[in-house]
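Good morning, and thank you for coming. I would like to introduce a structure that may be new to many of you. Please look at the sequence and the model together as I speak.

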Amino acid sequence: MNWLSETFSHHWMFLLMGPVYIALEAIRPIKREQKLFRGELGQDIFWYVLNNVYIDALLYYARVYITLHLAPKIWARVIGFITPFSTENFLSQFPTKLDSTFLLVIIIFFSRDFLSYWAHYFAHRLKFLWNFHILHHSVKELDWLSGHRSYWLDGLIFDLIISLPLVFIEVSEEGLTLIALWETHLQFFIHTNYKYSLGYLGKWLNNNQIHWWHHSVRNHHKYGQNFGSYTLIWDRIFGTYYAEDNVPDAIGLNDPASYPSNIIKRFFYPFTRLMNLFKK
Ligand SMILES: [Zn+2]
Ligand SMILES: [Zn+2]
């Protein structure tokens with residue numbers, strides 16, 4: 001997949017699903033008082049376009065190089081170091097082509113889900129990573145588009161970690177496009193202000209009611225709750241699951257005064273934080 005097809009897949013998802021979600025949110029909203037043209041909607045459009053068009057194009061080749069060339073070498077060395085396999089022998093075996101599409105989907109689904117759980121957990125746990133991830137939590141009113149408010153480097157770090165299975169298992173270009181589309185749509189699905197229910201499956205698959213608690217002003221576990229991406233399995237296993245019958249009243253940062261509201265300041269925020277740390 002080249003960056004053009006990746007970028008266009010985002011555009012199509014945005015243009016096709018945007019009106020659908022706007023209609024659904026108008027028909028059956030979770031928060032009725034929330035307006036379509038809510039505060040900071042312009043900011044979310046800005047971050048969506050920046051991440052999925054400009055930054056995506058700029059970083060696409062860096063990401064391909066890192067995930068397909070650098071990461072396999074690093075992992076081969078790590079595995080060569082801790083096991084008796086030589087690096088060359090180890091590298092020559094991958095990526096493996098799986099005959100069963102079903103098995104391929106299952107492995108990619110659960111491995112990316114597992115890795116994104118930990119990538120997300122550490123984005124909250126480590127101050128350095130939080131300086132990037134804080135932007136995603138600065139949203140005060142959640143809707144279908146708000147999930148795409150994320151810092152470009154936050155997304156890149158996330159991508160690098162969850163692309164690890166692609167180092168070992170061969171996925172076609174069409175498969176990569178499908179993964180990109182699925183993950184773009186997932187962000188709409190888990191942030192939307194549309195009231196839906198997955199029934200019993202809602203206890204195991206990620207959905208907006210659970211993810212809204214991730215955006216709660218209050219932490220219900222030490223570093224936050226509901227870090228899951230596709231499923232809630234890892235939150236349940238590692239004790240970070242939290243749910244109530246309703247959604248939280250207050251969404252956003254528990255210390256909003258510590259984070260700027262201006263786009264330019266937000267763009268440079270991780271770097272200004274880093275510089276301040278060095279000055280100290
Ligand atoms: Zn988070
Ligand atoms: Zn979110």
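I shall begin with the overall architecture, turn to a pair of helices, and end with some individual residues.

Please bear in mind that this is a predicted model. The protein has eleven helices and zero strands. Read along the sequence, its pattern is accordingly α-α-α-α-α-α-α-α-α-α-α. Of its 280 residues, 26% count as buried. As for contacts between residues at least 6 apart in sequence, 73% of them join residues at least 24 apart.

Let me now turn to helix α4, residues 101-125. How does the span of α4 compare with what its 25 residues should give? At 1.5 Å a residue, they should span 36 Å, and the end C-alpha atoms are indeed 36 Å apart, so the two values agree. The buried residues of α4 are R112, F114, S116, Y117, A119, H120, A123 and H124. What covers these buried residues? The cover includes α5 (127-133), α6, α7 (164-168) and α10.

One of those covering elements, α6, deserves a closer look. In this helix, residues 152-162, the buried residues are D154, G155, F158 and I162. Seen down the axis of α6, they fall within an arc of 95 degrees, so they line one face of the helix. A general point helps here: an α-helix has 3.6 residues a turn, so residues three or four places apart point the same way.

How do α4 and α6 meet? Their axes are 9 Å apart, and the helices pack at an angle of about 140 degrees. Angles over 145 degrees would count as roughly antiparallel, and α4 and α6 are therefore oblique to each other. The crossing in which α4 passes α6 is right-handed. On the α4 side, the residues that take part are R112, L115, S116, A119 and A123; on the α6 side, they are D154, F158, I161 and I162.

I now move to the loops, and to two residues with an uncommon backbone angle. In general, most residues other than glycine have a negative phi. E40, although not a glycine, has a positive phi of about 70 degrees. E40 is found in the loop between α1 (3-27) and α2 (41-82). N226 is likewise not a glycine, and has a positive phi of about 55 degrees. Its loop is the one between α9 (208-214) and α10 (233-238).

Are these two residues buried or exposed? E40 has 17 other C-beta atoms within 10 Å, so it is partly exposed. N226 has 24 other C-beta atoms within 10 Å and is therefore buried.

Another loop residue is L201, between α8 (173-191) and α9. L201 is exposed, because it has 11 other C-beta atoms within 10 Å. The C-alpha atoms of L201 and L232 are separated by 10.0 Å, while the two residues are 31 apart along the chain.

My final residue is Y269, which lies in helix α11, residues 263-279. With 19 other C-beta atoms within 10 Å, Y269 is partly exposed; 20 or more would make a residue buried. Which residues does Y269 touch, not counting those up to four places away in sequence? They are N131 and P260. Y269 and N131 are 138 residues apart along the chain, and their C-alpha atoms are separated by 7.3 Å.

Thank you for your attention.

Definitions and conventions. Residues are numbered from 1 along each chain as its sequence is written. Chains are lettered from A and ligands numbered from 1 in the order in which they are written. This is a predicted model: local features need pLDDT of at least 70, side-chain atom pairs count only at pLDDT 80 or more; totals for chains, interfaces and linings use all residues. A residue is buried if 20 or more other C-beta atoms lie within 10 Å of its own, exposed if 12 or fewer, and partly exposed in between; C-beta atoms are placed from the backbone. Helices (H or I, at least four residues) and strands (E, at least two) are DSSP runs, numbered from the N terminus. The arc is that of the directions from the helix axis to the C-beta atoms. The expected span of a helix is 1.5 Å times one less than its number of residues. Two residues are in contact if their C-beta atoms, placed from the backbone, lie within 7 Å. Axes are lines fitted to C-alpha atoms, for helices over the stretch in contact, and angles run from 0 to 180 degrees between N-to-C directions. Angles under 35 degrees count as roughly parallel, over 145 as roughly antiparallel, 65 to 115 as roughly perpendicular and the rest as oblique. A crossing is left-handed if the near helix is turned anticlockwise from the far one by less than a right angle, and right-handed if clockwise.
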